[in-house]
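Biologist: I have a structure here and some terms I want explained. Can you take me through the reasoning?

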Amino acid sequence: MAVELDVFVGNTTIMDEEVYQLWLDGYTVNDAVKVRMAGGVLDECEANQDVLLSDTMDQYRTFQMCERLLQSPAKLANQLLFQIPPHRQTMLIERYYAFDDVFVREVLGKKLSKGTKKDLDDISAKTGVTLKSCRRQFDNFKRVFKVVEELKGPLVENIRQHFLLSDKLARDYAAIVFFANNRFETGKKKLQYLTFQDFAFCAGQLINNWTVGAVDNMVEDMDVDLDKEFLQELKELKILITDKDLLDQHKSLVCTALRGKTKAFAEMEANFKNLSRGLVNIATKLTNTKDVRDFFIDLVEKFIEPCRSDRWTPADIKLYLTHYTNSAHILDSFKHQAVWDRYMGVIKSCIYKMYHD
């Protein structure tokens with residue numbers, strides 16, 4: 001008697017997301033087994049510890065074999081060794097390139113070189129992120145930096161296309177690349193209150209408004225280097241503080257607009273000239289590499305700290321900077337409106353983001 005059978009053979013690679021995360025976090029096989037046991041996996045599967053150890057080792061081997069593909073994500077979709085569904089591939093890539101904010105905060109703005117890599121032991125001890133995970137994250141930053149350094153076109157888009165990352169993660173990597181390229185100082189004590197996301201937001205503002213790519217989106221290094229022509233034009237803003245009549249007129253316009261609208265009015269009026277000199281001097285010095293590096297320190301020292309010591313609220317900051325920016329348009333002899341708006345647009349956004357405890 002003939003019997004018909006339907007046979008289905010599948011070879012989808014089995015990957016446990018929890019074990020993958022333990023591998024990414026730098027746990028040894030034995031430590032990963034302990035974490036899985038504590039999570040009650042033996043009760044769920046009715047297995048013993050030997051089976052769990054064997055399963056964990058097997059998964060770790062699979063992840064190690066996948067790692068070289070994860071380092072060039074486009075290869076993952078086109079290889080035949082592992083049968084991994086597309087949604088799984090997306091998860092593997094996204095998690096492999098994910099990073100700890102506490103770790104990136106320690107290396108942000110530093111050169112992605114062997115010198116920094118030697119400090120990873122100390123960073124691991126300070127942040128509590130395992131050394132293995134620190135190395136993976138650092139190598140990822142370096143890899144992305146090297147690839148996009150050679151490419152034309154928008155930075156975020158290049159990262160997204162080459163590494164198949166989500167929009168949010170691609171933007172975070174763009175910030176890391178931008179900071180590494182311009183070597184912004186982020187480690188000073190006065191800046192410790194700022195988070196990676198504060199800096200990432202500011203990087204996005206600078207990339208979208210002050211780089212060459214903000215004007216022409218198909219030039220070399222467009223989103224990584226600041227627009228030198230624009231930085232040169234910023235020197236023209238000096239007239240706002242060197243011309244006494246203009247400075248007095250600007251102060252008068254701003255104070256007239258602010259009177260009666262805030263409890264901090266007296267402090268705003270008293271400090272106007274110092275604050276204005278601070279913001280304009282930051283602008284006029286950005287042609288020097290060192291002053292570009294100190295951009296965030298200067299914003300904190302010359303504007304944020306004086307306002308904080310006078311107990312301005314975030315609403316006071318917005319009110320003041322809005323009128324400060326807009327009043328310059330009414331000044332008769334001030335002819336650099338476009339440069340002023342391009343400069344102050346970024347300054348306002350960064351200060352709003354950075355003005356917190």
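Modeller: What follows is a short exchange on how a few labels are earned in this predicted model.

Biologist: What makes H16 oblique to H20?

Modeller: The axes of H16 (residues 244-258) and H20 (residues 314-327) cross at roughly 135°. Angles over 145 count as roughly antiparallel, and 65 to 115 as roughly perpendicular. The value of roughly 135° fits neither range, so the pair is called oblique. The crossing is right-handed.

Biologist: How do you know that H16 and H20 meet, and which residues do so?

Modeller: Their axes come within 9 Å. Contact needs heavy atoms within 4.5 Å. His250, Leu253, Val254, Ala257 and Leu258 in H16 meet Leu319, Tyr320, His323, Tyr324 and Ser327 in H20. By class, that contact has 7 nonpolar, 3 polar and no charged residues.

Biologist: Why is Asn182 called buried?

Modeller: Its relative accessible area is 11%. Buried means under 20%, so Asn182 qualifies. Asn182 sits in helix H12 (residues 167-182). Beyond its neighbours within four places in sequence, Asn182 is in contact with Val224, Leu226 and Arg293.

Biologist: What makes the pair of Asn182 and Phe178 a polar contact?

Modeller: A polar side-chain atom of Asn182 lies 3.0 Å from the backbone oxygen of Phe178. The cut-off is 3.5 Å, so the distance passes.

Biologist: And which polar contact is found at the start of H1?

Modeller: A side-chain oxygen of Asp16 reaches to within 2.8 Å of the backbone nitrogen of Glu18. After H1 comes Gly26, with a positive phi near 85°.

Biologist: Which residues of H1 are buried, and what do they pack against?

Modeller: Val19, Tyr20, Leu22, Trp23 and Leu24 are buried. The buried residues of H1 pack against H2, H4, H6 and H10.

Conventions: Residues are numbered from 1 along each chain as its sequence is written. This is a predicted model: local features need pLDDT of at least 70, side-chain atom pairs count only at pLDDT 80 or more; totals for chains, interfaces and linings use all residues. Side-chain values use heavy atoms; hydrogens and water are left out. Axes are lines fitted to C-alpha atoms, for helices over the stretch in contact, and angles run from 0 to 180 degrees between N-to-C directions. Helices (H or I, at least four residues) and strands (E, at least two) are DSSP runs, numbered from the N terminus. Angles under 35 degrees count as roughly parallel, over 145 as roughly antiparallel, 65 to 115 as roughly perpendicular and the rest as oblique. A crossing is left-handed if the near helix is turned anticlockwise from the far one by less than a right angle, and right-handed if clockwise. Ala, Val, Leu, Ile, Met, Phe, Trp, Tyr, Cys and Pro count as nonpolar, Asp, Glu, Lys and Arg as charged, and the others, Gly among them, as polar. Buried means under 20% relative accessible area, exposed over 50%, partly exposed in between (1.4 Å probe, protein chains only). A polar contact is a pair of N or O atoms within 3.5 Å; within protein, one must be able to donate a hydrogen and the other to accept it, and residues adjacent in sequence count only if both atoms are side-chain atoms.
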